[in-house]
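The following exercises concern a predicted model. Please work through each task with the sequence and the structure in view before reading its solution.

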Amino acid sequence: MPLRYVFRVRFRLDTAPGVGTDPREFETVVRVTPPEPGESGWMLFRDALWRGEVNDPVYACQLAESWLDVPVVSCEFAELRTDEEDLTALREAIAAELDEFNAESVRDVLHKYFGSAIHVESADRED
């Protein structure tokens, strides 16, 4: 199972004049599979998270809008969901780039950005 960032996203429907919806806003769970560790964009967590929460709500909403193509009202980080193999690969990639994180250890990096929001599942389980 690849790494997946799980977000709770609240979005709204923009409708044509004379068209209404009830409710106008909805909540959903969004799972984002980042690029493989070491590839361009793999440090999404460094740029978007702090202690297991989004560090900039406006930026998080902009990211979610790019994923969903709807106006996003709020975006909250829920967890990193992964299996042990991919978590090991992430740890190795972080170790290779430790200077990028201003931290002394991989453990510090994981805690700094994910807090306790890391959920490790069995490798054979699918979402």
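**Exercise 1. Aromatic pairs**

Determine how many aromatic pairs the structure holds, and classify the pair formed by Phe7 and Trp67.

Solution. The structure holds 12 aromatic pairs. In the pair of Phe7 and Trp67, the ring centres are 5.2 Å apart and the planes make 45 degrees. Planes under 30 degrees apart would count as stacked and those over 60 as edge-to-face, so this pair is tilted. The next step is to place the two residues. Phe7 belongs to strand β1 (residues 4-12) and Trp67 to helix α2 (residues 57-68); the pair therefore ties together parts that are 60 residues apart in sequence. As to accessibility, Phe7 counts as buried because its relative accessibility is 3%, whereas Trp67, at 29%, counts as partly exposed.

**Exercise 2. A second ring pair and the cluster**

Classify the pair of Trp50 and Tyr113, and state which residues ring pairs link into a cluster.

Solution. The rings of Trp50 and Tyr113 lie 5.7 Å apart, centre to centre, with 85 degrees between their planes, which makes the pair edge-to-face. Trp50 is located in strand β3 (residues 49-50) and Tyr113 in helix α4 (residues 106-114), so parts that are 63 residues apart in sequence are tied together. Trp50 is partly exposed, at 41% relative accessibility, while Tyr113 is buried, at 7%. Finally, the cluster linked by ring pairs consists of Tyr5, Phe7, Trp42, Phe45, Trp50, Trp67, Phe77, Phe101, Tyr113 and Phe114.

**Exercise 3. Cysteines**

Decide why Cys75 and Cys61 are too far apart for a bond, and state whether each residue is buried or exposed.

Solution. A disulfide requires the two sulfur atoms to be within 2.5 Å. For Cys75, the closest cysteine sulfur is that of Cys61, at 6.1 Å, and therefore too far for a bond. The count of disulfides comes to 0. Accessibility is a separate matter: Cys61 counts as buried at 13% relative accessibility, and Cys75 is likewise buried, with a relative accessible area of 5%.

**Exercise 4. The sheet**

Establish the order of the strands in the open sheet, identify which strands stand at its edges, and describe how β1 and β5 pair.

Solution. The open sheet is formed by 4 strands in the order β2-β1-β5-β6, with mixed pairing. The edge positions belong to β2 (25-32) and β6 (118-121); each has a single partner strand, so one side of each lacks a neighbour in the sheet. On average, and with direction ignored, neighbouring strands are turned by 25 degrees against each other.

Consider the pairings in turn. β1 and β5 are antiparallel and share 8 bridges; Val9 stands opposite Cys75 of β5. Strand β5 (residues 72-83) runs parallel to β6, and 4 bridges join them. Among the bridge partners, Leu80 is matched with Ile118 of β6, and Asp83 with Glu121 of β6.

**Exercise 5. Helices on the sheet**

State which strands α2 lies across and which strands α3 touches.

Solution. Helix α2 lies across β1, β2 and β5, and runs at about 80 degrees to β5. Helix α3 (residues 84-96) packs on the sheet and touches β5 and β6. The direction of α3 makes about 105 degrees with that of β5.

Terms used:
Residues numbered from 1 in each chain as written. Predicted model: local features only at pLDDT ≥ 70, side-chain atom pairs only at ≥ 80, totals over all residues. Heavy atoms only, no water. Phe/Tyr/Trp six-rings, centres within 6.5 Å; stacked < 30°, edge-to-face > 60°. Helix = DSSP H or I, 4+ residues; strand = E, 2+ residues; numbered from the N terminus. Buried < 20%, exposed > 50% of the residue type's maximum accessible area, 1.4 Å probe, protein only. Pairing = 2+ DSSP bridges. Axes fitted to C-alpha atoms, helices over the stretch in contact; angles between N-to-C directions. Contact = heavy atoms within 4.5 Å.
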